[in-house]
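The following text walks through a predicted model. Please have the sequence and the coordinates open while reading.

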Amino acid sequence: MKRINRPGRLAKLGLNHAVALFAAFIFTYPVIWILMASIKPDVEIYREPLRLFPSRIDVSIFQRIFQTQPIAHYLVNSLIYSLGAVVISLAFALFASYGLSRHEFKGKQATLITILMVQMIPALVSIIPIYLLMQRLGLYDTRIGMVILYSAIRIPWGVWILVGFIDQIPKALDEAAIVDGASKFRILWQIIFPLALPGLASAAIFTFVGTWNEFAIASIVLRSSTNLSMPVGSMAMIAGDPNDWRMVSMTATVNLLPVLAVFALLQRHIIAGLTRGAVKE
Amino acid sequence: MQSIVQPSIQPLNRQSKIERFIHGPWPFILPALFGLVFMRAFPFVWQIWLSFTNMRLGRPGEFIGLQNYRVLFQNPVFLSSIAYTGVFMVATVAGQMFFGLLLALLLEEDFKGKAVYRMTFLIPWIVSGFVAGILWQLMLVETRFGMFNALLDLMNVPPVRWLSNARNAQMSVIMVYIWKGLGFSLLLMSGGLKIIPQEMIESADIDGASYLQKLRLIKLPMMKDIISVNIIFSVIAALNSYETVFVLTGGGPGGATSIIALVMFNTAFGDGRNQLGRGSAIGVVMFVVTLIFVIIYVRKTNFAKGYGKP
Amino acid sequence: MKALRHISILLALMILFTGVVFAGGGQQAPAPAEPGQVTVRFLVPQWASTRDARIERQVAFQSVIDSFHAANPNIRLQEVVSTASSYDVDVANQINNGTVEVVWINNPFYPTLQQDGKFVNVEPFLSEADKADFFPWTFEALKSVNGELGGLWHNTDVRLFFYRTDLMPTAPKTYEELITMTRQIKNSNPEMAAPFFASLGHTDAITHVWGNFEALGGRPFDDNGKPVVLDGQNRQYWERIFRTFKEMMDAGLIPESAAVAREAGVVPLLLSGQVASFIANSNYGVREIVAKLPAEEAALWQAANVPGYQGTAGGRSVSGGWVFSARKMDDPVLQEAAVKFVLHATSFMAQRNVNKAGGWTPTRTSVFQDDPFYQGDRFMVAADEALATATVRPLNVMSPIMASAIADALSQYLSGSATLAQALDRANTIIQQEFSNL
């Protein structure tokens with residue numbers, strides 16, 4: 001390392017912190033602002049835009065939206081969709097990636113490329129046929145349909161992450177188990193599964209957050225208040241009174257908090273999974 | 001790749017085809033592949049057929065050939081949305097790359113609290129597009145009561161028409177998407193910087209290279225692959241953006257910020273006539289453009305040899 | 001492995017949880033019909049249903065259902081509440097799939113479905129007294145699609161000019177007067193953000209000025225039904241209308257945000273006390289001013305007919321509103337029951353209760369005459385006066401296309417992305433292209 005004289009180093013340190021602080025401010029201020037706006041009393045939000053912290057904490061909006069709107073329903077639905085997509089898509093993906101990673105066969109590359117390409121093309125581009133498909137299958141506006149759809153959308157992503165993980169597990173372990181007479185399913189369950197857990201964890205978190213935040217597809221496949229997911233339900237609530245900014249920010253807050261919590265707790269896994277999914281290091 | 005598993009399975013040629021199938025990889029792969037083909041790949045194909053029909057919600061379509069495409073490529077709404085989508089794509093991707101690299105380089109430096117900083121940089125990326133739209137809509141309110149204009153007011157600057165002036169609205173949308181997508185490119189860039197062997201940097205230090213020289217001659221060339229991957233991912237994401245701009249401007253003013261996905265939604269589900277056929281044609285256009293970038297990516301990462309290890 | 005055990009338990013719990021919820025919640029079963037009974041399902045958006053957050057609306061809608069049940073013991077009603085992100089898509093779906101019998105729809109969505117022959121002609125079921133009671137334009141508009149009356153107008157809204165009497169003692173009759181008045185307000189209150197506000201960003205804008213366009217002499221269609229709304233004379237009328245708004249915006253009399261605002265965009269300005277006058281739906285009096293402002297501030301507000309243009313037949317308002325329609329179906333018994341509900345839902349009693357709770361404007365003259373609320377409320381009185389000369393926008397498949405193309409043009413012109421000529425040319429291209437592709 002090059003030696004830098006002391007004042008120079010201090011200046012550099014100061015500059016680093018200044019830039020980082022500025023960036024952090026830009027990235028987090030709107031989020032903090034809306035969290036705070038949701039607990040401001042009556043018209044403060046309209047009249048004092050520069051005030052970040054509320055003059056007093058008022059949670060009446062929180063009570064109001066939970067009492068008058070089926071927001072609890074939306075939360076439960078989103079939880080079902082997200083967890084359902086996590087469990088189903090990862091189960092399918094784990095099986096598939098085991099098959100892909102541990103076998104050499106004709107068509108393997110073709111399969112992998114298909115999966116990769118399907119993963120990279122967002123479902124948004126084919127939203128019209130997806131909508132018609134859900135109608136024809138009788139899955140339109142049903143919770144089971146939404147879980148199936150979200151799972152199918154997330155499978156390629158899961159495969160993509162897990163193949164890399166399973167590749168890294170030494171094949172000698174499988175061999176030893178085969179010598180012991182274990183079936184492939186036992187190998188998958190007792191050897192591969194535990195060793196692929198870090199990969200599964202990051203795929204799970206990523207699937208959870210992605211599904212929780214999904215808006216476009218849910219907005220056309222769901223219609224009744226018993227089935228709406230959190231973002232679409234929020235949109236319905238906001239459409240009723242778009243200028244009630246306190247209600248709008250409280251709705252946004254309820255959307256945000258679960259994701260922020262998941263992120264704060266499991267940040268490391270998300271980053272690992274993302275980088276691994278995008279580029280195989 | 002060397003197969004170690006296969007030889008340990010009993011002689012294959014004595015088994016029937018069915019048995020061979022059962023012991024092969026397909027029982028593991030097929031369930032996932034079925035879901036994939038049925039729910040994801042099939043709609044792509046079906047969409048191509050739909051785009052040749054005049055289907056409306058509630059009216060089974062008749063085949064009308066290329067009529068939808070002909071109408072679209074004469075339609076001012078669609079054409080201007082293509083133009084803006086192009087600008088939007090280039091600008092957001094360039095912004096994300098530049099600031100992503102900047103912040104990644106910053107986080108490479110040695111100072112305290114880096115982990116916390118990185119976490120805050122990633123927050124916009126974890127926020128849903130829907131919430132991001134709401135957030136910025138409230139920040140960009142145009143009277144003196146909007147956060148930004150109130151700030152300008154303090155400095156005696158007249159209020160800015162963030163969303164009601166066509167140019168400004170286009171810029172605002174781009175800014176919001178850069179804000180939102182920066183975290184992703186920051187992560188990739190950080191990953192790319194980590195791959196660079198430390199010895200190379202050190203030998204450059206010994207040669208007395210300046211920071212910018214090191215960046216230009218060593219770091220950037222070493223990160224070439226990861227930057228191009230990053231660009232492709234960002235381009236695809238930008239091309240398929242929908243919800244933030246839907247919430248933020250709804251495509252306004254006068255269609256100035258209506259990106260292509262918004263036009264597709266509006267044609268199919270928004271304007272009361274629900275022209276699924278024409279909407280599908282827009283979807284096909286989006287699909288084809290996305291596919292081009294996907295193919296570039298697949299080639300770039302040399303995927304065919306050893307699935308994706310660059 | 002401890003982690004493994006934990007995660008397995010977690011996974012198992014997740015699956016269990018998912019299973020339980022699926023088993024527990026399902027689709028609502030249709031209300032059981034007893035022998036000899038038929039069930040009529042009707043589709044309404046959540047904010048106009050018994051599930052709305054506002055108690056007075058819940059009560060009003062329930063009263064309509066209950067009174068129908070009392071009068072028709074052999075018919076059961078089932079309310080289908082929509083929370084779809086696009087109510088129009090939901091309506092089209094439910095009508096096409098035959099999953100509801102009656103729908104309540106916004107008038108721009110009526111033409112497409114009526115054109116496709118989805119609705120029953122209710123004219124034969126109407127008594128002479130009913131025919132005389134509804135505002136005549138409701139029939140004209142609904143029949144303009146294909147000559148049949150595919151529904152009944154349940155509530156309307158008419159554009160009104162709202163103004164603060166302490167700043168603007170009388171309402172202006174013309175835009176020219178309005179400009180003079182708002183200039184004075186701006187001069188004496190430079191802090192005021194909006195001496196005047198009109199939402200000019202969406203089709204709302206076209207509803208604000210359609211009456212003026214027609215009063216100037218505008219005719220949207222020629223004798224063959226071809227849209228000529230932007231040809232010749234008509235184009236000059238639009239240019240005059242557009243220029244007036246641009247002039248006001250450049251002078252700071254209309255806030256620039258109006259160029260992208262929907263009608264509801266006035267509410268933040270209203271709540272922050274920053275607007276002196278605005279054009280909006282008649283229901284903004286009851287629903288926003290009275291409901292949300294402090295009483296003494298609300299008392300300052302008054303409403304009048306919208307301004308016109310100098311040298312024309314004065315300001316004419318344009319009304320919109322929502323329509324009850326019954327789906328055409330094979331079962332004659334169910335068909336009759338559905339029509340009965342349409343008649344009931346638009347009856348005197350229903351219109352009075354529901355419109356009062358929703359803050360909407362009734363379409364029966366008798367409600368205005370016989371209900372003390374509509375006699376006493378100053379905003380409703382103004383609405384009644386405006387309705388006397390109101391016109392209705394043409395209601396055919398082209399009219400929503402026209403409205404959105406012209407609204408986009410206005411928004412482009414005001415937001416600076418196009419010149420007046422460019423914006424109108426573009427709008428005309430779209431209108432003619434869509435017309436040739438109908």
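Among the elements of chain B, which has the lowest mean pLDDT and which the highest? Helix α1 (residues 5–8) of chain B is lowest with a mean of 47, and helix α5 (residues 76–108) of chain B is highest with 92. Here pLDDT is the predictor's confidence in each residue, from 0 to 100; helices (H or I, at least four residues) and strands (E, at least two) are DSSP runs, numbered from the N terminus. This is a predicted model, in which local features need pLDDT of at least 70 and side-chain atom pairs count only at pLDDT 80 or more, while totals for chains, interfaces and linings use all residues. Residues are numbered from 1 along each chain as its sequence is written, and chains are lettered from A and ligands numbered from 1 in the order in which they are written.

Chain B averages a pLDDT of 84, and 92% of the residues score at least 70. Two stretches of chain B stay under 50: residues 1–9 and residues 304–310. For residues 1–9 of chain B the model has 12 contacts beyond four places in sequence, and for residues 304–310 of chain B it has 12 such contacts. Two residues are in contact if their C-beta atoms, placed from the backbone, lie within 7 Å. Where pLDDT is low, the predicted coordinates should not be read in detail.

The next point is the contact between the chains. Chain B brings 81 residues to it and chain A brings 85 residues. On the side of chain B that touches chain A, the largest share is the 15 residues from helix α3 (residues 26–50) of chain B. By class, that side of chain B has 59 nonpolar, 17 polar and five charged residues. Ala, Val, Leu, Ile, Met, Phe, Trp, Tyr, Cys and Pro count as nonpolar, Asp, Glu, Lys and Arg as charged, and the others, Gly among them, as polar.

Within chain B, helix α9 (residues 166–195) holds B:Leu188. B:Leu188 counts as buried because 27 other C-beta atoms lie within 10 Å (buried: 20 or more such atoms within 10 Å; exposed: 12 or fewer; partly exposed: in between; C-beta atoms placed from the backbone).

Chain A is divided into domain 1 (6–60) and domain 2 (65–278), with bounds from an automatic or database domain assignment. Taken over C-alpha atoms, the centres of the two domains of chain A are 33 Å apart. Seven residues of domain 1 of chain A are in contact with six residues of domain 2 of chain A. On the domain 1 side of this contact, α1(A) gives the most, with three residues.
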